[in-house]
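The following exercises concern a single protein chain. Each task is followed by a solution that proceeds step by step.

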Amino acid sequence: LNAFVKSDELCAGSTWYCAECEREQSAMTSTSISHLPPYLILQLNRFNVLNTGPNRTEKITCPVHIPRHNLDLSCITTGDNTSSYSLCGIIHHSGGIGGGHYTAQTLTEGSWRYYNDTSVIPREPLTSDNGIPGNDSDARSAYVLLYKQDTDTGFI
């Protein structure tokens with residue numbers, strides 16, 4: 001999240017045109033969010049394009065920290081956006097860029113379920129000390145994270 005809102009300098013080839021002084025200027029650019037949505041979908045970058053030739057990619061399988069509760073976005077918002085989010089789903093990807101398989105875990109009416117093709121089984125994510133639900137392979141295969149705003153009282 002911090003990389004998303006990191007300030008960047010516009011200079012040398014990506015300057016900003018100032019209409020007042022009528023010339024290119026160096027400037028700082030940044031991103032912030034003014035209004036938070038009731039649901040948040042985070043797609044993780046799990047593929048890296050390599051500079052070794054055309055169509056060369058590698059899968060990124062490092063484990064990610066996945067908070068189950070109290071995901072705080074105040075560092076990327078403006079104003080009084082102090083809402084926190086709770087995890088309500090994970091989409092997993094196994095395989096590579098040329099082919100793979102998707103599975104999912106969702107929190108539905110208070111119970112966690114695991115979806116794998118036609119199979120749906122109860123599967124409570126186990127939270128380790130570092131906040132990762134499930135086992136290490138879950139943290140390595142997480143591709144999309146779904147969060148629900150804690151102040152939203154509706155059911156999924």
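**Exercise 1. Determine which residues H93 touches beyond its sequence neighbourhood, and characterise its surroundings.**

Step 1. Leaving aside residues up to four places away in sequence, H93 touches F47, K59, G100, H101, Y102, S141 and Y143, where contact means heavy atoms within 4.5 Å.

Step 2. The model is a predicted one, in which local features need pLDDT of at least 70 and side-chain atom pairs count only at pLDDT 80 or more, while totals for chains, interfaces and linings use all residues. Residues are numbered from 1 along each chain as its sequence is written, and side-chain values use heavy atoms, with hydrogens and water left out.

Step 3. H93 belongs to strand β9; strands (E, at least two residues) and helices (H or I, at least four) are DSSP runs, numbered from the N terminus.

Step 4. The relative accessible area of H93 is 5%, so H93 is buried. Buried means under 20% relative accessible area, exposed over 50%, and partly exposed in between, with a 1.4 Å probe and protein chains only.

Step 5. The side chains of H93 and K59 are joined by a polar contact of 2.9 Å. Such a contact is a pair of N or O atoms within 3.5 Å; within protein, one must be able to donate a hydrogen and the other to accept it, and residues adjacent in sequence count only if both atoms are side-chain atoms.

**Exercise 2. Establish how many aromatic pairs the ring criterion yields, and describe their geometry.**

Step 1. Rings of Phe, Tyr and Trp (its six-membered ring) pair if their centres lie within 6.5 Å; planes under 30 degrees apart count as stacked, over 60 as edge-to-face and the rest as tilted. The count under this rule is two aromatic pairs.

Step 2. One pair consists of F47 and Y143, with 6.4 Å centre to centre and 75 degrees between the planes, an edge-to-face arrangement. F47 lies in strand β6 (residues 47-49) and Y143 in strand β13, so this pair ties together parts that are 96 residues apart in sequence. F47 and Y143 are both buried.

Step 3. For Y102 and Y143, the ring centres are 6.1 Å apart and the planes stand at 55 degrees, so the pair is tilted. This pair also links distant parts of the chain, with Y102 in strand β10 and Y143 in strand β13, 41 residues apart.

Step 4. Y143 has a relative accessible area of 15% and is therefore buried, whereas Y102, at 47% relative accessibility, counts as partly exposed.

Step 5. Together, F47, Y102 and Y143 form one aromatic cluster.

**Exercise 3. Trace the strand pairings of β9 and β13, and explain why β13 is largely enclosed.**

Step 1. Strands pair if DSSP finds at least two bridges between them. Strand β9 (residues 84-96) runs antiparallel to β13 and is joined to it by seven bridges. Along this pairing, Y85 stands opposite Q149, and G89 stands opposite L146.

Step 2. Strand β5 (residues 39-43) is also antiparallel to β13, with five bridges; here L40 faces Y147.

Step 3. Strand β9 has further partners. Eight bridges connect β9 with β10 in the antiparallel sense, H92 having T103 as its bridge partner, and a hairpin of two residues joins these strands. Strand β8 (residues 71-72) pairs antiparallel with β9 over two bridges, L71 standing opposite Y85.

Step 4. In β13 (residues 142-149), seven of the eight residues are buried, so the strand is largely enclosed by the rest of the structure.

**Exercise 4. State whether G98 is buried or exposed, and locate it.**

Step 1. G98 occupies the loop between β9 and β10 (99-108).

Step 2. G98 has a relative accessibility of 83% and therefore counts as exposed.

Step 3. The C-alpha atoms of G98 and T57 are separated by 9.7 Å, the two residues being 41 apart along the chain.

**Exercise 5. Summarise the chain as a whole and identify where pLDDT stays under 50.**

Step 1. The chain comprises two helices and 13 strands, and buried residues make up 28% of its 156 residues.

Step 2. The average pLDDT (the predictor's confidence in each residue, from 0 to 100) is 80, and 87% of the residues score at least 70.

Step 3. Over residues 127-133 pLDDT stays under 50; the model has 20 contacts beyond four places in sequence for this segment.
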